[in-house]
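Here are a few short exercises to get you going. Take a look at the chain first, then work through them one by one.

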Amino acid sequence: MALKNLWEQERSQRLQITAERRQKVNQWKQLTQQELQLQADVLHQELSSFVTSLHNDRNSQQQQFQQEIVERQLEILQIKTDVSQRQQEYRQQRAAKAQALFQNLQNFREILHKSVWDDQTHEQAVSPTPAKEEKLVATVPKWSISRSAIKATGFRPAVNTMTRKAPALNADNVKSKVQQYIQQAEGATLIEIEEVIGLSRVQTIDILRSLIKQGVLEQRDRQYFIRQQAIS
């Protein structure tokens, strides 16, 4: 009997200890669940805050990018406008320069045409009397008009072509004087030779062509020079 009572007493003690342990386990499980729920709530709140921050940053950057794109488009449009205006101004300036150049060329052609053909026509109209022809040797002064004076003025000196008489040509003598003048002047133009020697345009051209064919003269940039071989 005593043994049975002892066994029941130990059994009740074991049941009590087991109940206490179960109670502690349940308490620990509740505390753990509460702690996990609290951590989950905190993590969810942090994650939600992070997602909201990312969304706000993305919207802000997108707006900034759109604004920068609009600014770049405006800059490109302004550059295109400036380039178009400069191209138009350049075309206008080029057209004005071309028009001025063509006008100057037209004026030069008119002056050259008048200078060449009017002198020839006038000298052909005023034919000298053979009995009153003058000899070139006696009437031509020794380089009365300098080459530097002709180049400084840019045109022929005023000459009374109405009264000038075409001299009787002595071909060898005239060629010699033309050659001598070009050699002393170190190069001369057609107008300079014509005025200094006192010849007409046609006579001067004929003599220069003859000297070029003979190899005495050479022409460079509308000027006539003595060939080096002829000098040596």
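**Exercise 1.** Among contacts between residues at least 6 apart in sequence, what percentage joins residues at least 24 apart?

This is a predicted model, where local features need pLDDT of at least 70, side-chain atom pairs count only at pLDDT 80 or more, and totals for chains, interfaces and linings use all residues. Residues are numbered from 1 along each chain as its sequence is written, and side-chain values use heavy atoms, with hydrogens and water left out.

Start with the term: a contact means heavy atoms within 4.5 Å. Counted that way, the share is 69%.

**Exercise 2.** Work out which side-by-side pattern the buried residues of helix 4 make.

Step one: helices are DSSP runs of H or I with at least four residues, numbered from the N terminus. Step two: buried means under 20% relative accessible area, with a 1.4 Å probe and protein chains only. Step three: list them, namely Val174, Lys175, Val178, Tyr181, Ile182 and Ala185. They span an arc of only 130° around the axis (taken from the directions from the helix axis to the C-beta atoms), so they sit on the same side of helix 4. Right after helix 4 comes Glu186, with a positive phi near 55°.

**Exercise 3.** How many residues of helix 5 are buried?

Helix 5 covers residues 190-197, and 7 of its 8 residues are buried. Among them are Leu190, Ile193 and Val196. Gly198, just after helix 5, has a positive phi of about 90°. For the protein, 18% of the 232 residues count as buried.

Technical notes. Buried means under 20% relative accessible area, exposed over 50%, partly exposed in between (1.4 Å probe, protein chains only). Helices (H or I, at least four residues) and strands (E, at least two) are DSSP runs, numbered from the N terminus.
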